[in-house]
Amino acid sequence: MKLVKENSFILLTVLILFLTSGLASAYNQAPVLDQEVENGNLPAVDERLPENPYVTEVVDRIGDYGGTLNWFATNATDDPKLMALYNNINLVRYTPSLTIKPDLAESYEVSDDLTTYTFNLRKGIRWSDGELFTANDVMFWFNDIIKNDQLTAESGSGWLKIQDKLPEVKKLDDYTVRFSFAAPNPYFLEKLAFPGRKPYAAAHYLKQFHADYADQAELKKRIADSDFDKWVGLFESKNSKKFFRNPELPVIEPWVPVTEPPANRFVYKRNPYFYKVDEEGNQLPYLDEVVLKIVSDKEVLSMQVVSGAADLQMRQLMTSNFTLYKNNEKSGNYKVLKWQRNTPSLPTFAPNITYAEDEWMRELNNNKKFRQALSLAINRPELNQVATKGLAVPRQATVYPQWEGFKQEWADAYADYDPERANKLLDEAGFTERNSDGIRLKDGKPIHLTIYIGEDPNLPRTMNMIKDYWKDIGVDMDFKGLEKTLHYTRRDANKLPWAYIGGASWSPTYPYNFIPVSNSYSSGNWWAPLYAKWYETNGKQGEEPPAEIKKLMNLYDEIQITKDQDKRVELWQKVFDIHAENVWMIGTNGLHPQFVIKKNYVHNVPETALASWDYGAYFGPSEFYQFFIEKDAQDK
C-alpha cells in the first residue's frame, strides 16, 4: 500500500460555488495589477492561477494589499540570494510544526520500501513570464543539468544520490514525475524541502543557452557578446534561480528580482503569476515589492534598524545589541520578537585534523586530550553573560535538545569550566614544559594557535576572552579575520589550521559539520576537509581516514538507507556519542534566540517560530509572502 499525502481544501468547495454562481471571479488580485489586466497586458487572475492553488493559512488576519517592505544587509553578493531562499519554493515544504506538506506538487506518493517518490504537480502553475510550469521543467533540470557533466547545479547533485547513484527520474505525464532510487531513501522529502534544492529549471528560457538545444550560430554569438568563452559559463550565469542574479530568468517565487548585480539596492516586485492564495481567495503576495538595502557593516545595520528604517529585519542582528534594540522599540515604532534557534553552539571552533601545511600543528590537533583540555578551559557562563547578555546556554557543540534522540550528556561533555582538569590533561598529553611566558612547549616549540574567523564585529571580544582562558592553561592563541568567500575557499583547499565555524548546525539532511562526507562550498567539513574530499570522491582525492572517522562515515551510509525511524535515531546517537568523547569541534554557548524586529504596522509575522536554515531558510515555514503592511501605514 502506498502512502498518499495530499492537500484537502475547504476552499475548493467554496471556489466551485463561486464559479458556478455566475460571479466573474473566484479570486482577488492586488489592485496594482487591475490596470494591467484591463489593458490586456495580463490575463485575468483566474487564468493566472492553477486549477487548485496552494492555500496559505494566515497567522493574524487576511492581509492588506500593497506597500514596500524595506530591510538591510551587509553583503551585496551573498544576501540578495536570500529573497529566493526565504520563501523556499519547492515540490514540498516544511510546515511550522516541521512536518512535510505538498507545495508545487499537489500531492505525492511514497512506496512502502521508500525507493520511489511520485509527485503530482499542480496543473496551471506559471512562471513569472506566464509560461506553464510542467514536468518538462523537472526533466530538463535532471537530464540536461544534473546529468550533464559540464554543468554544475547550484545545489550540486550529492543530495540526490543514494549509494553514490543518482535516481531514475521519469515523466509519467505533463504533470507527474517519479523519482526511483536504487535503495531506500528515507530522507528524500526532507532533502527536497532543504533550502536551495530546486528540482526544476525554466526549460523554455534556458534552452537558448544550452548547447544541446540552441541554434549553434545564435549561441556562438551570445557567447561572443558575453563575458564567457564557453556555453557552460553563459548557461550557468543565466540559470541563477537560487541566487537571483539574472533578472531575465523566469521564476516561480512571489517576487521577481528587477535589479542586476552589482548594486547597493535590490528591488523585488510582485510576481503576478504566483500560485498561492489565502483562505479567502486573495492571490499572494500581499506586498507589492521588497527592497533590500546594502550597508557597510553590522553596526551600521543596527543603527538603521533602531532608527526605524527597517520594516522587518532578521539577518545580521547581533545578540550583544539586544539591550539597544529593546530600548529603542518605542521610538523606532517596532517590536523585538525572540524566535527559537536550533544552533548547537555559537561560536564553535574546529582544529583541522587533516592540516597538511605543518605536521607539528596537525599532530597537535589530533591529540584528543589537547582538544578536551581547551574545551574545559573555556568559562562558558562568563562568556555567555559578557558576549550574549546571558541569552544563550553553555554547552558543547552537539545536536539541539528538541531532537527526539537528544542526550544531555553530549551537551555537557567537556563543557564545564575546569582549568584544573584541563591542566592535568595537558600534562598527561606530554606538554609539561613551559617557556618564560608560561606557554607550554611541544617538541621544544611554544604551543601557538591561529584561528581564522569571519567578519562579525562582535567576534573579537569573544575571541579575546577565549585567548585569556587558554593562556591561563599555557596555550597561546591569536585570531585573524577572513572574508566569507575566502574563508570557505581556504577551508576547501585545506589551508586553515584552525577555524571559526559559526553555529555548527545539524539536521538529518545537513550532517556535514558532524560527519566529513562533503567538500562542497556550502556543505563542506571544517575539522577534516581532506577526509571529506576522500569520501566525496570515492577515494580518488583527499586522504584516507583512520578507523574512527571511517566509523562515522559507515554510520552515515547506513542511516541513509535505513527505513525504520527509530533505528535511524539509534544510529545518529552513535555518531554523537563518538563526537562527545573526541571533541573534534569545541563549542561554547548555544541555543541563542533569533531576534526578529518588525515595525508595528507589519503583520502576519509569528510572535515565535523556529528560525533555522535547515528547515526552510529561517522564514520558510512562516510563509513570508503572507506578511503585509497595514493600509493606513502605506498611505503615510
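**A tour from helix α9 to an open sheet**

In this predicted model, begin by selecting α9 together with α5 (135-146), α7 (203-206) and α8 (216-224), since these three helices are what the buried residues of α9 pack against. Now show the side chains of α9 itself, which spans residues 231-238, and pick out Trp231, Val232, Leu234, Phe235 and Lys238, the buried residues of this helix. Viewed down the axis, they cover an arc of only 165°, and therefore they lie on the same side of α9. A general point helps in reading such a view: an α-helix has 3.6 residues a turn, so residues three or four places apart point the same way.

Next, move to Asp112, which you will find in the loop that links β6 (105-110) to β7 (116-121). Is Asp112 buried, partly exposed or exposed? Its relative accessible area is 48%, so Asp112 counts as partly exposed, given that the exposed class begins over 50%. With Asp112 still selected, add Pro184, which is 72 residues away along the chain, and check the C-alpha atoms of the two residues, whose separation is 9.4 Å.

For the last stop, select β14, β24 and β15, which form an open sheet of 3 strands in the order β14-β24-β15 with antiparallel pairing. The edges of this sheet are β14 (312-313) and β15 (334-339), each of which pairs on one side only. Zoom in on β14 and on β24, residues 594-599, where 2 bridges join the two antiparallel strands. To see one such partnership, select Gln313 and then Ile597, its bridge partner in β24.

Terms used. Residues are numbered from 1 along each chain as its sequence is written. This is a predicted model: local features need pLDDT of at least 70, side-chain atom pairs count only at pLDDT 80 or more; totals for chains, interfaces and linings use all residues. Side-chain values use heavy atoms; hydrogens and water are left out. Helices (H or I, at least four residues) and strands (E, at least two) are DSSP runs, numbered from the N terminus. Buried means under 20% relative accessible area, exposed over 50%, partly exposed in between (1.4 Å probe, protein chains only). Two strands pair if DSSP finds at least two bridges between them. The arc is that of the directions from the helix axis to the C-beta atoms. Contact means heavy atoms within 4.5 Å.
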